[in-house]
Amino acid sequence: MHLRKMVYTALMTAIILIMTLIIKIPIPFTNGYVHAGDMGIFLAGLLLGPWYGAFAAGVGSALADLLGGYVHWVIPTFLIKSIMGMIVGYFAIKRPSQKWAGGISFVLWMLSLTAMFISITHLTPDFVLNNIEEAETITHASALLNHIKIQLLVSLLALPILLLAFYGLKRILAISFRQSTGILLAGIWMVLGYYVASSIMYGSLIVPIFSLPWNIVQFVVGGVLATLIMKSFAKVNISYDRLHHL
């Protein structure tokens, strides 16, 4: 059984590395990038549990940064992605504390997004022009402000709807509502984790806000793809229980 876990952990680490390196889209404002590796992280957590899932997520993602030329992100990525895989793995099996953990985390996320939205509404185009390299003119800076306001507002509305959609479709999906909650919370942690890391790295609490929508899209797409793949896995009897209790 331990050999089985080790083999699957190695496979998931490699998959996360490859998916992160191959599908990579640069993000403006922070010199980072979005990628498809989150799909592998979600699958690793669901299949391997918290500890093996954390290893695959952290090592695979950190290696991708190291090999992809983002050396300054290796340590933050390792910490953020390891905890991300651990969160998904924690929700892979039923635990009494999950209900409270999920509810509290989701409320904190909504409060964080609301605070960021309010912060953005108080910014002026002049501030954006002086602090955001991509802003070339006052008109462009004003457009960037409007775009980020809309994107944050959509995020505030879309994530609760997404959670309700998972609940409504739980009978036909191969993952439970509890597991989909784990995916959502892991994605929330990833977005906020990179926001804090970017704020420290670039010395600004405002600039990283402009990259939030990209990270939200990344984890939502990764979560949807992971859900579809888990559906395929269920047909061939690949699951957390199958890997850990045979």
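Is Ser 61 buried or exposed? Ser 61 counts as buried, because its relative accessibility is 3% and the cut-off for buried is under 20%. Keep that residue in mind as we walk through the structure. The model is a predicted one.

Start with the overall plan. The protein has nine helices and two strands. Along the sequence they follow the pattern α-β-β-α-α-α-α-α-α-α-α. So one helix comes before the two strands, and the other helices come after them. The protein has 246 residues, and buried residues make up 47% of them. Ser 61 belongs to that buried share.

Now go to helix 1, which covers residues 2-22. Thr 13 is found here. Its relative accessibility is 10%, so Thr 13 counts as buried. Where does the side chain of Thr 13 reach? It reaches the backbone oxygen of Thr 9, at 2.7 Å.

Helix 2 covers residues 37-67, and this is where Ser 61 sits. The side chain of Ser 61 reaches a backbone oxygen too, that of Ala 57. The distance there is 2.8 Å. Thr 13 and Ser 61 thus give us two buried residues, one at 10% relative accessibility and one at 3%.

Next, look at how helices pack. Two packed helices are described by the angle between their axes and the distance between those axes. Take helix 1 and helix 2. Their axes come within 7 Å and cross at roughly 45 degrees. That angle makes helix 1 oblique to helix 2, because it falls outside the ranges for roughly parallel, roughly perpendicular and roughly antiparallel. The crossing is right-handed. Which residues form the contact of helix 1 with helix 2? By class, they are 19 nonpolar, eight polar and one charged.

Helix 2 also packs with helix 3, which covers residues 74-90. Here the axes are 7 Å apart, at an angle of about 170 degrees. That makes helix 2 roughly antiparallel to helix 3, since angles over 145 degrees count as such. The contact of helix 2 with helix 3 has 16 nonpolar, nine polar and three charged residues. So helix 2 is oblique to helix 1 and roughly antiparallel to helix 3.

Helix 3 ends at residue 90, and residue 90 leads us to the aromatic rings. A pair of aromatic rings is described by the distance of the centres and the angle of the planes. How many aromatic pairs does a search of the whole structure find? It finds two. One of them joins Tyr 90 and Phe 91. Their ring centres are 5.3 Å apart, and the planes make an angle of 80 degrees. The pair is edge-to-face, because planes over 60 degrees apart count that way. The two partners differ in accessibility. Tyr 90 is partly exposed, with a relative accessible area of 25%. Phe 91 is buried, at 4%.

Finish with helix 6, which covers residues 138-168. Leu 144 lies in this helix. Leu 144 is buried, because its relative accessibility is 13%. Phe 210 is 66 residues away along the chain, yet the C-alpha atoms of Leu 144 and Phe 210 are separated by 8.5 Å. Val 154 is also in helix 6. At 46% relative accessibility, Val 154 counts as partly exposed. Which residue is 59 residues from Val 154 in sequence and 9.2 Å from it in space? That residue is Pro 213, with the distance taken from C-alpha to C-alpha.

Technical notes: Residues numbered from 1 in each chain as written. Predicted model: local features only at pLDDT ≥ 70, side-chain atom pairs only at ≥ 80, totals over all residues. Heavy atoms only, no water. Helix = DSSP H or I, 4+ residues; strand = E, 2+ residues; numbered from the N terminus. Buried < 20%, exposed > 50% of the residue type's maximum accessible area, 1.4 Å probe, protein only. Axes fitted to C-alpha atoms, helices over the stretch in contact; angles between N-to-C directions. Parallel < 35°, antiparallel > 145°, perpendicular 65-115°, else oblique. Left-handed = near helix turned anticlockwise from the far one by under 90°. Nonpolar A, V, L, I, M, F, W, Y, C, P; charged D, E, K, R; others polar. Phe/Tyr/Trp six-rings, centres within 6.5 Å; stacked < 30°, edge-to-face > 60°. Polar contact = N/O pair within 3.5 Å; in protein donor to acceptor, adjacent residues only side chain to side chain.
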